[in-house]
Amino acid sequence: MAETISLEVFRYSPERDAEPSFQRYDVPLRKDWVVLDALNYIKDKVDGSLTFRWSCRMGICGSCGMMVNGEPKLTCATFLSNYAREQGPLRVQPLRYFPVIRDLVVEITDFMTKLQSVKPWLIRGKEKPISEGEYLQTPEQLDRYKQFSMCINCVLCYSACPVYGLDPVFIGPAAIALAQRYNMDSRDEGAHERMDILAQHEGIWGCTFVGECTKVCPKHVDPAGAIQQYKLTATIERFKSFLMPRGAK
Amino acid sequence: MAKQSNEPVLWALFSAGGVFAAFVIPVHLFLIGLAFPLGWIPAPGYEYLHALVRLPLARLYVFALCSLALFHWAHRFRYTLYDGLQIKHLNELIFFCCYGGAILGTVWAGYLLWNFR
């Protein structure tokens, strides 16, 4: 198959370039190739200086997220052939709303800090002794949070979220979805600790329910749903603390 | 809680207004806008509707519909101005106008319904 597809790839090296630019590459259009394969082809055969993150090639590690024709995508799961019929070259850019380190690599410390702030781990008031056995969970209890546990921290949802774009203090979709993953876990007792962070204006109340986060999620997590769900929880807690000022927590 | 925000109260009004309006306004539109004028359902007379609105429960219903729908509008419009027009720096003014408008509308609806004869 002699067919090729043109890629227009974002290039930026802060030490060298005053401004970012786009570089065009022609790569073989193979039916089984994803955008990441094309980038690896460029790096191996055409231009070794192209920089991008990737690891597992199977939608687990969450490191190859980029903007493909303006949409946040995992490049390991985005087939070139889907774009073959489109006019003009395929544009590959770094994930939107994050600072660029070099070429397609972005700096996600902001997300990592926010993620940590919601304490995404099991919190127990008091651990029971090992002799009492494990913490059992029914399939129904597992189902309550399971979809949120599928998040791979690829931050596509941040690049899709216009609220995060306008106001970067917003804690963002994945962090809230992951907080809910633990809040809804029957073994967890840390919901009130997370509430201090989540119920602030920069937490759930920043969200205006655009819903793009859920649309772009490659793992079918529903962060927008998690946020709306949590708005209801926070509202109920607020009314409870109003009605029972001392006993609410 | 570290910082008590007003947002839960405003959001509760917003979401109650949204749900209420989404469920009942289409019914009103269907009845008054289509079914009655096109004769699909025999239209009730003026006297009948007048008597209906005089019932305290019907008045409460109309009041809740007007007020909650206005609070729904206020919340949505506030965020449209913040994000759509990106004028968040006018925060206080927008907040005052949106929810102030909703409160004004609520008071007005209350006044009219209270004095409905």
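Here is a walk through a predicted model, starting with chain A as a whole and ending with a helix in chain B.

Let's get the overall picture of chain A before zooming in. Its C-alpha trace spans about 70 × 40 × 35 Å along the principal axes. In secondary structure terms, you'll find nine helices and seven strands in chain A. The chain has 249 residues, and 38% of them count as buried. If you like contact maps, look at the contacts in chain A with a separation of 6 or more: 66% of them come from residues 24 or more positions apart.

Now for the strands, and S1(A) is a handy place to begin. Strand S1 of chain A covers residues 4-11, and it runs antiparallel to strand S2 of chain A, residues 21-28, with eight bridges joining the two. To find this pairing in the viewer, pick Thr4(A), which sits opposite Pro28(A) in S2(A). S1(A) is also joined to strand S5 of chain A, residues 90-93, this time in parallel and by three bridges. Here the residue to click on is Glu8(A), which has Arg91(A) of S5(A) opposite. From S5(A) you can carry on to S3(A), since the two pair in the antiparallel sense over two bridges. In that pairing, Met67(A) stands opposite Gln93(A) of S5(A).

Next, the domains. How is chain A divided? The domain assignment gives domain 1 as residues 4-106 and domain 2 as residues 109-243. Taken over C-alpha atoms, the centres of these two domains of chain A are separated by 30 Å. Where they meet, 13 residues of domain 1 of chain A are in contact with 12 residues of domain 2 of chain A. On the domain 1 side of chain A, strand S3 (65-68) and strand S4 (71-74) each supply at least two of the residues that touch domain 2. S4(A) has the largest share of that side, with three residues. Sorted by class, the domain 1 side of this contact in chain A has eight nonpolar, three polar and two charged residues.

Then there's the meeting of the two chains. How many residues does each chain put into the contact? Chain A brings 14 residues and chain B brings 11 residues. On the chain A side, helix H5 (162-166), helix H7 (191-198) and helix H9 (223-243) each supply at least two of the residues that touch chain B. Of the elements on that side, H9(A) gives the most, with four residues. By class, the side of chain A that touches chain B divides into seven nonpolar, four polar and three charged residues.

Finally, hop over to chain B and have a look at helix H4, which covers residues 91-114. H4(B) has 24 residues and reaches 34 Å from its first C-alpha to its last, close to the 34 Å expected at 1.5 Å a residue. Which residues of H4(B) are buried? They are Ile94(B), Cys98(B) and Ala102(B). Among what covers these buried residues of H4(B) is helix H3 (56-84) of chain B.

Key:
Residues numbered from 1 in each chain as written. Chains lettered and ligands numbered in written order. Predicted model: local features only at pLDDT ≥ 70, side-chain atom pairs only at ≥ 80, totals over all residues. Expected span 1.5 Å × (residues − 1). Buried ≥ 20, exposed ≤ 12 C-beta atoms within 10 Å, placed from the backbone. Contact = placed C-beta atoms within 7 Å. Nonpolar A, V, L, I, M, F, W, Y, C, P; charged D, E, K, R; others polar. Domains from an automatic or database assignment. Pairing = 2+ DSSP bridges.
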